[in-house]
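Work through the exercises below with the sequence and the coordinates at hand, and compare each step with the solution that follows it.

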Amino acid sequence: MIIIMLGAPGTGKGTVAGMLEERLGIKQVSTGDIFRKNIQEGTELGKLADSYMSKGELVPDDVTINIVADRLEKPDVQKGIILDGFPRTVAQAEALDTILSNKGKKVDMVLNLITPEEEIIERVVSRRVCSNPECKTIYNVIMNPPKQEGICDKCGSHLVQRQDDNEETIKARIRTYMEQTSPLVEYYKTKGVLRTEEVSQRINHLGKDVADEVERDIKNNIL
Ligand code: AP5
Ligand code: MG
């Protein structure tokens with residue numbers, strides 16, 4: 001099962017992917033998390049990625065595609081994978097199709113999340129994430145606070161704010177999404193695998209309803 005999480009920054013890709021990982025028992029792989037881990041560890045890849053991420057721009061396609069191609073070889077994703085934040089350009093989507101077809105696989109579902117822009121900005125500036133790279137649970141100080149301020153409910157590690165979660169960078173990230181990533185909605189619609197869900201405060205609170213529906217449909221083989 002290959003699932004892609006598509007959507008503008010802050011729409012809840014990581015939140016819903018985390019729920020689906022637990023429920024379906026398939027691994028969530030976020031390219032953003034891979035880059036952030038490299039930045040934290042001070043690797044060459046981290047330095048390169050940081051120079052783009054801090055401006056709200058995309059890391060170049062060749063770099064990103066190679067990382068995902070290597071990750072797709074690992075044993076823990078042979079049963080399935082939830083790709084969170086990849087692909088983000090048509091070139092990445094085409095490369096993914098080629099990699100998968102060489103393995104006799106294909107994209108099964110693209111979960112496209114939509115949220116009004118003003119809500120995105122509010123969500124992102126109030127997001128906190130668990131600093132433990134094995135946990136990475138996502139919180140929101142307004143909408144989904146931890147039980148104890150600054151501490152992860154699940155593993156007890158400190159919560160941190162992402163460097164790109166400020167108003168200026170989030171606006172640039174939304175522009176980048178509109179210009180480079182939004183054409184993928186049409187790309188996957190044409191392939192018949194797109195599933196669009198609205199996740200705003202009014203409905204689908206914290207994405208749980210979306211995860212419930214997707215889990216039910218996958219278990220009943222309705223895609
Ligand atoms: P990435 O880490 O993927 O960031 P993003 O796409 O900007 O998305 P976010 O992680 O900010 O948001 P999300 O949709 O996961 O929302 P979340 O669940 O956290 O990428 C970062 C950077 O890395 C990119 O800018 C780029 O530079 C680079 N990069 C990554 N992949 C790349 C690629 N393929 N190619 C090139 N460059 C790449 O939720 C957000 C907040 O809202 C949380 O606080 C959460 O608690 C809250 N929330 C979630 N759902 C709800 C809800 N339904 N109601 C209320 N609140 C909610
Ligand atoms: Mg995310």
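**Exercise 1.** Determine which side chain of opposite charge is nearest to Lys 13.

*Solution.* Lys 13 is buried (under 20% relative accessible area, 1.4 Å probe, protein chains only), yet it has no salt bridge, a term that calls for a side-chain nitrogen of Lys or Arg within 4 Å of a carboxyl oxygen of Asp or Glu. The nearest side chain of opposite charge belongs to Asp 84, 5.3 Å away. Next, a polar atom of the Lys 13 side chain lies 3.1 Å from the backbone oxygen of Ala 8. The model is predicted, with pLDDT of at least 70 needed for local features and 80 or more for side-chain atom pairs, while totals for chains, interfaces and linings use all residues. Side-chain values rest on heavy atoms, without hydrogens and water, and residues are numbered from 1 along each chain.

**Exercise 2.** Place Leu 111 in its strand and decide whether it is buried or exposed.

*Solution.* Leu 111 is in strand S4 (residues 109-114), strands being DSSP runs (E) of at least two residues. Because its relative accessibility is 0%, Leu 111 counts as buried. Its C-alpha atom is 7.3 Å from that of Ile 3, although the two residues are 108 apart along the chain.

**Exercise 3.** Find the residues with the most contacts inside the largest nonpolar core.

*Solution.* This core, a set of buried Ala, Val, Leu, Ile, Met, Phe, Trp, Tyr and Cys residues joined through side-chain atoms within 4.5 Å, has 30 residues, and Leu 96, Val 107 and Tyr 188 have the most contacts inside it.

Notes
Chains are lettered from A and ligands numbered from 1 in the order in which they are written. Buried means under 20% relative accessible area, exposed over 50%, partly exposed in between (1.4 Å probe, protein chains only). Lys and Arg count as positive and Asp and Glu as negative; His and the chain ends are not counted. A polar contact is a pair of N or O atoms within 3.5 Å; within protein, one must be able to donate a hydrogen and the other to accept it, and residues adjacent in sequence count only if both atoms are side-chain atoms. Helices (H or I, at least four residues) and strands (E, at least two) are DSSP runs, numbered from the N terminus.
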